[in-house]
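Reader: I'd like to walk through a few features of this one with you. Can we start with side-chain contacts?

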Amino acid sequence: MNLKKQVFYKLPEDHVQKLDQITAIIAKYEAKPSNLIMVLHAAQGIYGYLPYVIQKFIADKMNMPVSEVSGVVTFYSFFSTKPKGKHTILVCMGTACYVRGGKKLVDGLHKRLHVEVGDTTEDGKYTLSVARCIGACGLAPAMMIDDTVYKAVNPNKLESILSKY
């Protein structure tokens, strides 16, 4: 008698459709390990983030160890294992931005939003992140909210910038 391994995923019922979409993406990429990053990117687009249960689902569907999938997810900063807020605040901490006050921006955002770097506010509105460089050195200190770059930001400007969101 040949017994199949059954895996039970603890997800809300409304997420079943998302799992079907992820399954279709894996099929599109033929479950090849060389396509793992593309699958993870698409899965994060569908699900919003990549919690362990989704990583395990992808690993099982691609016949890979979950440790390999998890290793890729945790290595690349693009992937998130936690839900992200409606708006992502990205503070540049490259040399020019750091020297011109990037750390003060992080401290100011922490104080105003009551959130640590890498976390999301309790209301789900903002996720605070830092980057080594956003390529706006001449605009330092710079930060981004979603796709909008803000230049020469100082802690006094944070309130007016955040009020737009």
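Author: Sure. A polar contact is a pair of N or O atoms within 3.5 Å; within protein, one must be able to donate a hydrogen and the other to accept it, and residues adjacent in sequence count only if both atoms are side-chain atoms. Here the side chains of T127 and T120 are joined by a polar contact of 2.8 Å. Keep in mind that this is a predicted model, where local features need pLDDT of at least 70, side-chain atom pairs count only at pLDDT 80 or more, and totals for chains, interfaces and linings use all residues. Residues are numbered from 1 along each chain as its sequence is written, and side-chain values use heavy atoms, leaving out hydrogens and water.

Reader: Is T127 buried or exposed?

Author: Buried means under 20% relative accessible area, exposed over 50%, partly exposed in between (1.4 Å probe, protein chains only). T127 has a relative accessible area of 4%, so T127 is buried. T127 sits in strand β2 (residues 126–131); strands (E, at least two residues) and helices (H or I, at least four) are DSSP runs, numbered from the N terminus.

Reader: And where does K32 lie?

Author: In the loop between α1 (16–28) and α2 (36–47). K32 has a relative accessible area of 40%, so K32 is partly exposed. K32 and M64 are 32 residues apart in sequence and 9.4 Å apart in space, C-alpha to C-alpha.
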